[in-house]
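Q: Could you walk me through this structure step by step? I am new to this, so please take it slowly.

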Amino acid sequence: MTTMFDDKNRVVQWYIDICKTQGLTDQQVPWFDDLYLDVVVLPTGEVFLLDEDELEEAVSQGTVTIKDAALARKTAGRLLSTIRNGRFRYFTLSLKHRKALAQNGELSES
């Protein structure tokens with residue numbers, strides 16, 4: 001999940017990539033296997049599922065298996081349900097992390 005802020009430190013959107021696996025390289029660089037679907041949540045509470053067409057194209061091109069596409073759809077469905085039911089705690093957690101980074105001097109508040 002990526003939280004995007006404006007120049008006044010207000011949340012613009014939360015962007016969540018649906019992925020199969022993730023990890024770190026030996027150099028500690030994060031990576032993930034993207035399954036194309038994305039969920040965007042606005043501070044107003046609006047929720048959007050994006051890139052369903054890209055997932056379908058990836059399946060037709062053989063880049064993503066039918067099984068992985070089903071996993072992506074199932075994961076997105078569960079995520080959307082959790083968000084709509086107000087049980088997705090990572091929105092609040094992202095704000096706490098930003099605040100902690102700012103207090104530790106690891107983030108510019110300009």
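Q: How many salt bridges are there by the rule used here?
A: The count comes to three salt bridges, and we should keep in mind while going through them that this is a predicted model.

Q: Which residue does D6 pair with, and how far apart are the closest N and O atoms?
A: D6 forms its salt bridge with R10, and the closest N and O atoms of the two are 2.9 Å apart.

Q: Are D6 and R10 buried or exposed?
A: Each falls in between: D6 counts as partly exposed because its relative accessibility is 23%, and R10 is also partly exposed, with a relative accessible area of 48%.

Q: OK, and what does K20 meet in a salt bridge?
A: The side chain of K20 meets the side chain of D68, with an N to O distance of 3.1 Å. This pair links distant parts of the chain, since K20 is in strand 2 (residues 11-24) and D68 is in helix 2 (residues 66-84), 48 residues apart.

Q: Is D68 buried or exposed?
A: D68 is buried, because its relative accessible area is 14% and buried means under 20%. Its partner K20, at 43% relative accessibility, counts as partly exposed.

Q: Which side chains meet in the salt bridge with a 2.3 Å distance from N to O?
A: Those are the side chains of E56 and R73, which meet at 2.3 Å, N to O. This pair, too, links distant parts of the chain, with E56 in helix 1 and R73 in helix 2, 17 residues apart. E56 is partly exposed with a relative accessible area of 40%, and R73 is partly exposed with a relative accessible area of 39%.

Q: Let me step back for a moment. How many helices and strands does the chain have?
A: The secondary structure of the protein chain comes to three helices and four strands, and if you read along the sequence, the pattern you follow is β-β-β-β-α-α-α.

Q: What size of box do the C-alpha atoms fill?
A: Taken along the principal axes, the C-alpha atoms of the protein chain fill a box of roughly 45 × 40 × 25 Å.

Q: And what share of the residues is buried?
A: Of the 110 residues in the protein chain, buried residues make up 25%.

Q: Now the surface. Which residues gather in the patch of negative charge?
A: The residues that gather in this patch on the surface are D33, D34, E52, D53, E54 and E57. The elements that give two or more residues to the negative patch are strand 3 (30-41) and helix 1 (52-61).

Q: Which element gives the most to the negative patch?
A: Helix 1 gives the most, with four residues.

Q: What about D33, where is it found?
A: D33 is found in strand 3, and at 37% relative accessibility it counts as partly exposed. Residues in a patch need over 30% relative accessible area, so the 37% of D33 is on the right side of that cut-off.

Q: You listed E57 in the patch; which side chain reaches the backbone oxygen of E57?
A: The side chain of S60 reaches the backbone oxygen of E57 at 2.8 Å. S60 lies in helix 1, and S60 is exposed, with a relative accessible area of 61%.

Q: Going back to strand 3, what is the phi of Y36?
A: Y36 has a positive phi of about 75°, although Y36 is not a glycine. Y36 is found in strand 3, and at 23% relative accessibility Y36 counts as partly exposed.

Q: And where is D51 in the chain?
A: D51 has its place in the loop between strand 4 (47-50) and helix 1. The phi of D51 is near 70°, which is again a positive value in a residue other than glycine.

Q: One more topic: which side chains does T3 make polar contacts with?
A: A polar contact of 3.3 Å joins the side chain of T3 to the side chain of W14, and another, at 3.1 Å, is made with the side chain of S94. T3 itself lies in strand 1 (residues 2-5).

Key: Residues are numbered from 1 along each chain as its sequence is written. This is a predicted model: local features need pLDDT of at least 70, side-chain atom pairs count only at pLDDT 80 or more; totals for chains, interfaces and linings use all residues. Side-chain values use heavy atoms; hydrogens and water are left out. Patches are made of residues with over 30% relative accessible area and no salt bridge: like charges are joined within 9 Å, nonpolar side chains (Val, Leu, Ile, Met, Phe, Trp, Tyr) within 5 Å. Accessible areas come from the Shrake-Rupley method with a 1.4 Å probe; for residues, only the protein chains shown count as cover. A salt bridge is a side-chain nitrogen of Lys or Arg within 4 Å of a carboxyl oxygen of Asp or Glu. Lys and Arg count as positive and Asp and Glu as negative; His and the chain ends are not counted. The place of a charge is taken as NZ of Lys, CZ of Arg, CG of Asp or CD of Glu. Buried means under 20% relative accessible area, exposed over 50%, partly exposed in between (1.4 Å probe, protein chains only). A polar contact is a pair of N or O atoms within 3.5 Å; within protein, one must be able to donate a hydrogen and the other to accept it, and residues adjacent in sequence count only if both atoms are side-chain atoms.
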